[in-house]
Amino acid sequence: LVTAGNKEKFNTMTASWGGIGWLWNKPVAFIFIRPPRYTHDFIEREDRLTLSFYKEEFRNILQFCGTKSGRDIDKVKETGLKPVVLESGAMTFEQARLTLDCRKLFKSSMEASNFVDKSILEKWYGPQPSGSFHDVYVVEIENVFE
């Protein structure tokens, strides 16, 4: 789950596009989020976000959080996720087996003209892309909780 916001108001969503590595001499993660997603609003407003990982038994919760919008429903109430406020102020959930507490470093918006392999563009965004491309965030992993 990608979670952003604060204890007063936050949102979470399932995301599977991303990775972990080393950039600018820092441990980083990179994630891809489309601007229409409700969580995108929270990522834009906050300096921090968490990436949390779950055991297989939580797959139905992850599917739910990836297909329902926090604009329309309370995901915590509907799934039974138990929010936890980290020392940094970022949000995660008690059920997570692993949480990466991250600080935003970089953002870029994908554009059709930047696709070298146009077959990827067509496969994932359609023959005439509407412009709803992902934003790419690079975040520094500042803390890891097990």
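This short talk walks through the sheet, one helix and the largest pocket of a predicted model. Because we are looking at a prediction, local features need pLDDT of at least 70 and side-chain atom pairs count only at pLDDT 80 or more, while totals for chains, interfaces and linings use all residues. Residues are numbered from 1 along each chain as its sequence is written, and side-chain values use heavy atoms, with hydrogens and water left out.

Let me start with the sheet. It is open, with 7 strands in the order S2-S1-S5-S8-S9-S4-S3 and antiparallel pairing, where strands are DSSP runs (E, at least two residues; helices are H or I, at least four), numbered from the N terminus, and two strands pair if DSSP finds at least two bridges between them. Strand S2 (10–13) and S3 stand at the edges with a single partner strand each, so one side of each is left without a neighbour in the sheet. Within the sheet, strand S1 (residues 2–5) is joined to S5 by 2 bridges, the two running antiparallel, and Val-2 stands opposite Leu-51 in S5.

Turning to the pocket, about 340 Å³ of space lies in the largest one; a pocket is an open set of points on a 1 Å grid over the protein atoms alone where a 1.4 Å probe fits, with protein on both sides within 12 Å along at least five of seven lines, and lining residues have an atom within 4 Å of a point. The volume is the space filled by probe spheres set on the points, which are joined across faces, edges and corners. Of its 18 lining residues, the closest to the centre are Leu-1, Ala-15, Ser-16, Ser-52 and Phe-53.
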